[in-house]
Amino acid sequence: MRKQTMQRDWIATARTLNEALPYLQRYEGATVVIKFGGNAMGDDEAMNSFARDIVLMRQVGVNPVVVHGGGPMINDLLKRLNVSSEFVHGKRVTDAATMEVVEMVLAGRVNKRIVQAISDAGGRAVGLTGKDAKLMVCDQTDPDLGFVGTPSEMDPTVLTKLFEAEIIPVIAPIGMGRNGETFNVNGDTAAGAVAAALKADRLLLLTDVEGVKDQDGKVITELKAHDIIDLTTAGVIAGGMIPKTETALMALNGGVRAVVILDGRTPNACLLELFTEHGAGSLIRQG
Ligand SMILES: Nc1ncnc2c1ncn2[C@@H]1O[C@H](COP(=O)(O)OP(=O)(O)O)[C@@H](O)[C@H]1O
Ligand SMILES: CC(=O)N[C@@H](CCC(=O)OP(=O)(O)O)C(=O)O
């Protein structure tokens, strides 16, 4: 009985591998940037499942780069410190005291939790911020937002060195100012800038919905850049989806081959997207 079950499992695994093989070959040596947002991180199981996907990508020869968020974790610590915080157009108004907390949470607790999860899953990861090796130099986005930055000069040299050593970079969205400032960068924006600097093959934006939905709430599996503009003008793309689709357009213009917006809560979301025919979520291409 047990032998039969094992045999069936083995056959199923072999079939899966056989189906995945052309995709594994297609992505060998490819660069894939993955934005892992604070809401997608959820509990330890979600974190560990994400880490296993990333390690598997590395094992089959992909160069994965993780850019993370951590908005809910920043909110938690600000609340414990009795500091109030507000968002304007999806960006946190960041004064000097808030910036200190943002840097502590993102570069410290959140970044190291991901590095540890990747290590526990059998991989090797190095945690960075935009300050490390001048990866992401920023200018102020808008004086009314305080220390919120827009990436303006990227130097991805340190990332390519890590690829050569088969180490997975894990990047916190903290930017370096030109005059000693520290900038808080929206996680989606940072991921788009990193993907464009690397001319990545894929940018995966993990979120808490299955993808970009149409006016009837149905997921649109393939979109061109002009569809995004039409859907935004019509008000179908709204709220938190706006910075994501804006990032997608910016990344495509910056030389990224395709962007996918997908549900980070689905087990093995990244692997399903890369290594199956149907993929997952909404695929956005230039055009
Ligand atoms: N057309 C759309 N398709 C899908 N989601 C949309 C759309 N328009 C607005 N949204 C909203 O965008 C949200 C995703 O953005 P956000 O909450 O900022 O994600 P995250 O926390 O993962 O960065 C969805 O939960 C949904 O409420
Ligand atoms: C400028 C700005 O708003 N920065 C974000 C950075 C973290 C982030 O983007 O986290 P999620 O991806 O989890 O939302 C913030 O302070 O919350």
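**Burial, pairing and ligand shells in a predicted model**

Me: What makes Glu166 count as exposed in this predicted model?
Reply: Glu166 has 12 C-beta neighbours inside 10 Å. A residue is exposed if 12 or fewer other C-beta atoms lie within that distance, so Glu166 meets the criterion. Glu166 is found in the loop between helix 6 (157–164) and strand 8.

Me: Why is Lys199 called partly exposed?
Reply: The count for Lys199 is 13 C-beta neighbours inside 10 Å. Exposed requires 12 or fewer and buried requires 20 or more, so Lys199 belongs to the class in between. The loop that holds Lys199 joins helix 7 and strand 11.

Me: What is notable about the phi angle of Glu166, and what about that of Lys199?
Reply: Most residues other than glycine have a negative phi. Glu166, although not a glycine, has a positive phi of about 60°. Lys199 is likewise not a glycine, and its phi is positive at about 50°.

Me: Why is strand 1 described as largely enclosed?
Reply: Six of its six residues are buried, so strand 1 is largely enclosed by the rest of the structure. Both faces are covered, with Thr31, Val33 and Lys35 buried on one side and Val32, Ile34 and Phe36 buried on the other.

Me: How do you know that strand 1 pairs with strand 2 and with strand 11?
Reply: Pairing requires at least two bridges. Strand 1 and strand 2 share six bridges in the parallel sense, and Thr31 stands opposite Asn63 of strand 2. Strand 1 and strand 11 are joined by five bridges, also in the parallel sense, with Phe36 opposite Leu206 of strand 11. Both pairs therefore satisfy the criterion.

Me: Why is the pairing in the sheet called mixed?
Reply: The sheet is open and has eight strands in the order 5-8-2-1-11-13-14-12. Strands of a sheet pair either parallel or antiparallel. Strand 1 and strand 2 are parallel, whereas strand 13 (residues 258–263) and strand 14 (residues 282–285) are antiparallel over three bridges. Ile261 stands opposite Ser282 in strand 14. Both senses occur, so the pairing is mixed.

Me: What makes strand 5 and strand 12 the edges of the sheet?
Reply: Strand 5 (125–129) and strand 12 (222–224) each have a single partner strand, so one side of each is left without a neighbour in the sheet.

Me: Which strands does helix 7 lie across?
Reply: Helix 7 (residues 187–198) lies across strand 1 (31–36), strand 2 (63–68), strand 8 (168–172) and strand 11 (202–207). Its direction is at about 175° to that of strand 1.

Me: Which residues have the most contacts inside the largest nonpolar core?
Reply: That core has 76 residues, and those with the most contacts inside it are Val33, Val66, Val194, Ala195 and Leu203. Helix 5 (residues 96–120) gives the most to this core, with nine residues. Leaving aside neighbours within four places in sequence, Ala195 is in contact with Val33, Ala200, Leu203, Ala251 and Val256.

Me: How do the residues around ligand 2 divide by class, and how do those around ligand 1?
Reply: The shell around ligand 2 has five nonpolar, eight polar and two charged residues. Among the closest to ligand 2 are Gly38, Gly69, Gly71 and Gly187, and glycine is counted as polar. Around ligand 1 there are seven nonpolar, five polar and two charged residues; Thr207, Lys213 and Met241 are among the closest.

Notes
Residues numbered from 1 in each chain as written. Chains lettered and ligands numbered in written order. Predicted model: local features only at pLDDT ≥ 70, side-chain atom pairs only at ≥ 80, totals over all residues. Helix = DSSP H or I, 4+ residues; strand = E, 2+ residues; numbered from the N terminus. Contact = placed C-beta atoms within 7 Å. Axes fitted to C-alpha atoms, helices over the stretch in contact; angles between N-to-C directions. Near = placed C-beta within 6 Å. Core = buried A, V, L, I, M, F, W, Y, C linked by C-beta atoms within 7 Å.
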